[in-house]
Amino acid sequence: PKNQAYYLRHFTAFAKQKRAGISWNWPAFFVMFYWLLYRKMWLNALIYFILPYILLVPLIIIAAILGDSELGSVVFFIGYALYMAVFIFLPPMYANALYYRHYLSNLAETKRASRDTQRQLGMLSEKGGTSSIVIIMLLIISFVMLFGILAAIAIPAYQDYTVRAKISAGINAASVAKLAVAETYLETGTVPADNTAAGFVFKNDAANVRDIQIEDGVITIVMAASPVEGGSIILEPSKGADDSIVWDCYSTDIEKKYLPSSCRQ
C-alpha cells in the first residue's frame, strides 16, 4: 500500500508500452541501496552494494600506476564520470522499471506455485510490499554514527583533560621547590641560583615528572607523561605588591590545549 498509486501508474504505463522504460524515482536517487532493501529486492541490493568496489579496484590500480601524469588524470576523470553515471544517475532512472520486473517475476513465480486465487494473493502480499529491515538498519546506522560523533568529540576532550591533569600534578609536585625559593628569598633577599642554594632535592617521587630544576629562582618542571614527555613547565617568580613572590606559569614547548588555564598566556 505504500505509494501504491504512484507505482500502479508507472506499471500501467510499462504494461501498455510492453516494456519498462525510463522514469525518475527520487527515493532511489537519494538512498538507492536502502530503497532496494525497502522494496524487498535483496539480490539487487547486494549487487548494488558490491559492484562499486569491484569496479573501483581496477580504476585505483590503473590510477596508481599512471601516477600524477596527464593520462592518469584523464583516466581518473573518466572513471569518476562513469561512476557517477552508473551508480548515481542511472539507478533512479530505471528504478521503477527494475521494480516492475521484480513484480512480474514475483507474479510469475506465484502463478507457478499455486492456482488458488486466495493463496496467490497471500503469496504476493508476502513477497511484495515493503520491508521493515531498512528501518532497523537505518536506526542501527544512526546509532553507530551518533556514537561515533560523540566518541570523536569526547575521546580527544578526555585525553586532553587527562594530560592537563598530569601537568597540574607536575606543578603541584613543584610546590616544595616553590617554597624553597620563597624561603631563600625571604632570608637572603635574593632568589637561589640552583637546587643546592635553595636546599631543594628532587626525589623523583612524582609519577609524571622527570626532573625539577631551579635556576636563578626560575623552576623548570620536565614532564615524563605522554604526549608531553620531555616538555617543560616554567614557574617564574616575580616580586608582588607586599614583597611576596608571585609565580607566572608558562611553557615554550607544550601545546596550550594541554596547559592548565593558569599557565596559558
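These legends go with five close-up views of a predicted model.

**View 1. Helices α4 and α5 run side by side in opposite directions.** Two packed helices are described by the angle between their axes and the distance between the axes. For α4 and α5, the angle is about 170 degrees and the axes are 9 Å apart. Anything over 145 degrees counts as roughly antiparallel, so that's the label this pair gets. On the α4 side, look for residues including Tyr48, Leu51, Leu55, Leu59 and Ile62. Their partners on α5 include Val75, Tyr80, Tyr83, Phe87 and Leu98. Sort the residues of this contact by class and you get 15 nonpolar, three polar and no charged.

**View 2. Tyr48 and Phe87 form an aromatic pair.** Now zoom in on two residues from that same α4 and α5 contact. A search of the whole structure turns up 21 aromatic pairs, and here's one of them. The ring centres of Tyr48 and Phe87 sit 6.2 Å apart, with the planes at 65 degrees. Planes over 60 degrees apart count as edge-to-face, so this pair is edge-to-face. Tyr48 belongs to α4 (residues 42-66) and Phe87 to α5 (residues 70-113), so the pair links parts of the chain 39 residues apart. Check the surroundings too: Phe87 is buried, with a relative accessible area of 5%, while Tyr48 is partly exposed at 22%.

**View 3. Helix α1 crosses α5.** Here α1 (residues 4-17) packs on α5 at an angle of about 80 degrees, and the axes are 10 Å apart. That makes the two helices roughly perpendicular. Tyr6, Tyr7, His10, Phe11, Phe14 and Ala15 come from α1, and they meet Asn96, Ala97, Tyr99, Tyr100 and Tyr103 of α5. The contact has nine nonpolar, two polar and no charged residues.

**View 4. Ring pairs build an aromatic cluster.** Which rings are linked together here? Tyr6, Tyr7, Phe11 and Phe14 join up with Trp35, Tyr99, Tyr100 and Tyr103.

**View 5. The largest nonpolar core has 27 residues.** Ile167, Phe200, Ile212, Ile219, Ile221, Ile233 and Ile254 have the most contacts inside this core. Helices α7 and α8 and strands β1, β2, β3 and β4 each chip in at least two residues, and α8 gives the largest share, with four. Take Ile167 as an example: leaving aside neighbours within four places in sequence, its contacts are Met223, Val228, Ile233, Ile254, Tyr258, Leu259 and Pro260. There's also a second, separate core of 17 residues, with Phe33, Leu36, Leu37 and Ala97 among them.

Definitions and conventions:
Residues numbered from 1 in each chain as written. Predicted model: local features only at pLDDT ≥ 70, side-chain atom pairs only at ≥ 80, totals over all residues. Heavy atoms only, no water. Phe/Tyr/Trp six-rings, centres within 6.5 Å; stacked < 30°, edge-to-face > 60°. Buried < 20%, exposed > 50% of the residue type's maximum accessible area, 1.4 Å probe, protein only. Axes fitted to C-alpha atoms, helices over the stretch in contact; angles between N-to-C directions. Parallel < 35°, antiparallel > 145°, perpendicular 65-115°, else oblique. Contact = heavy atoms within 4.5 Å. Nonpolar A, V, L, I, M, F, W, Y, C, P; charged D, E, K, R; others polar. Core = buried A, V, L, I, M, F, W, Y, C linked by side-chain atoms within 4.5 Å.
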